[in-house]
Amino acid sequence: MSGSNPKPRWKVTLDGHDLTSTIAPRLISLKISVCRQYSADQLDIELSDHDGKLALPPKTATLQVWLGWDDIGLTDMGTFAIDELEHTGAPDQLILRGRSAHLRGDLRQQREQSYTDTTLGAIISQLAGRNGLTPRCHASLADTFVDHVEQTNESDINFLTRLGKHYDAVATIKSGVLIFCPIGQGTTATGKPLPGVTLVRVDGDQHRYHAADRDAYGGIRALYDDVHTGKTEAVLIGTDDGQGVKTLRTIYASRSNALRAARSEYRRLLRGIRTFEYTLSRGRPNLYPEMHIRVGTFKPEIDDTDWIIVRAEHSLDEQGLITRLELEHRSSDSIAD
């Protein structure tokens with residue numbers, strides 16, 4: 001494409017049938033939002049129905065989407081199940097909204113189950129197995145002992161999200177694989193490093209850096225019921241050095257559970273002290289959560305920070321293809337378990 005400006009390219013299939021050429025003249029906008037947790041992955045397509053000839057797709061349909069540029073090719077953005085339809089006018093427009101196709105079926109079914117004297121890897125394998133998924137639990141978490149945890153009137157989706165929060169882990173489903181790995185480690189669930197990316201000021205046209213010491217705590221306190229003394233005891237991660245201590249509301253069943261929850265919350269707080277939002281004027285559909293980002297030609301405090309992607313939003317409309325990134329500080333904290 002020498003001598004010409006690259007142009008955005010895209011492709012959409014409906015249940016395997018290529019619809020790109022059919023809907024191209026009608027496309028108003030296409031947006032894909034991807035976060036660390038699978039529940040946030042979402043597709044929005046807005047189409048013109050000015051002539052009334054657009055048929056409403058069945059809500060059981062699935063859409064697969066690719067985004068990219070004519071000089072570098074397309075990136076597979078995933079498969080989405082249509083779960084919302086909206087028709088508005090005038091002028092008449094059709095809006096399709098879809099979420100990850102893997103969120104259908106048994107994953108939403110509420111269950112009652114106890115997990116006792118087991119490992120986190122075994123729990124992830126059990127969750128994956130009964131939902132037809134392949135488990136991928138990071139080696140640093142797989143052997144973690146779990147004395148007891150209850151899934152009470154709770155879907156596998158919600159239970160998995162709760163485990164992710166408790167262990168400060170990414171809990172997501174991609175291409176039939178249930179992934180469970182530490183946040184901010186820069187590796188896949190199998191231990192392979194994620195690619196790092198460097199972005200500079202000219203790559204984007206809008207940014208927002210935010211630092212807030214008021215959100216910082218010296219430590220995190222978690223409470224638990226001591227079965228030996230019959231009393232409620234406390235554990236502290238960090239220090240009570242005058243910055244203040246945040247006390248978690250939950251009273252945990254054991255000291256080990258309280259420690260794990262306090263460590264996870266402490267890491268989240270450290271990451272959230274500094275955030276950076278950046279809009280890329282030339283979209284990068286190959287950027288996704290948990291990738292490490294370094295930026296340049298901003299302020300030293302921004303450039304010297306190791307960032308990780310929390311959320312990526314890729315939008316295609318008459319203005320072109322852009323990517324909006326939400327980044328947070330990758331904490332270097334290494335609290336021992």
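Pro91 lies in the loop that joins β6 and β7, and in this predicted model the peptide bond leading into Pro91 from Ala90 is cis, with omega near -5°. Ala90 belongs to the loop between β6 (73–88) and β7 (93–100) too, and the bond from Gly89 to Ala90 is also cis, with omega near -15°. If you are checking backbone geometry, here are those two bonds side by side.

| Peptide bond | Form | Omega |
|---|---|---|
| Gly89 to Ala90 | cis | near -15° |
| Ala90 to Pro91 | cis | near -5° |

Another backbone detail to look up is at Asn153, where phi is positive, at about 50°, although Asn153 is not a glycine. You will find Asn153 in strand β10, which covers residues 145–155.

Now to the helices. Helix α2 (residues 120–129) packs with helix α4 (residues 156–166) at an angle of about 160°, and their axes are 11 Å apart. Angles over 145 degrees count as roughly antiparallel, so α2 is described as roughly antiparallel to α4. The crossing of α2 past α4 is left-handed. On the α2 side, the contact is made by Leu120, Ile123, Ile124 and Leu127, while α4 brings Asp156, Phe159, Leu160 and Leu163. Sorted by type, the residues of this contact between α2 and α4 comprise 7 nonpolar, no polar and 1 charged.

Aromatic side chains give you something else to explore. Across the whole structure, a search turns up 6 aromatic pairs. Ring pairs also tie a cluster together, whose members are Tyr209, Phe276, Tyr278, Phe298 and Trp307.

Finally, take a look at where charged groups meet tryptophan rings. The charged end of Lys11 is placed over the ring of Trp66, at 4.8 Å from the ring's centre. Arg282 lies over the face of Trp69, and here the distance to the ring centre is 4.6 Å.

For a quick tour in your viewer, you could start at the cis bond between Ala90 and Pro91, move on to Asn153 in β10, and then visit the contact of α2 with α4, where Ile123 and Phe159 are among the residues taking part. From there, the ring cluster that includes Tyr209 and Trp307 is a good next stop, followed by Lys11 over Trp66 and Arg282 over Trp69.

Key:
Residues numbered from 1 in each chain as written. Predicted model: local features only at pLDDT ≥ 70, side-chain atom pairs only at ≥ 80, totals over all residues. Heavy atoms only, no water. Axes fitted to C-alpha atoms, helices over the stretch in contact; angles between N-to-C directions. Helix = DSSP H or I, 4+ residues; strand = E, 2+ residues; numbered from the N terminus. Parallel < 35°, antiparallel > 145°, perpendicular 65-115°, else oblique. Left-handed = near helix turned anticlockwise from the far one by under 90°. Contact = heavy atoms within 4.5 Å. Nonpolar A, V, L, I, M, F, W, Y, C, P; charged D, E, K, R; others polar. Phe/Tyr/Trp six-rings, centres within 6.5 Å; stacked < 30°, edge-to-face > 60°. Lys NZ or Arg CZ within 6 Å of the ring centre and 35° of its normal.
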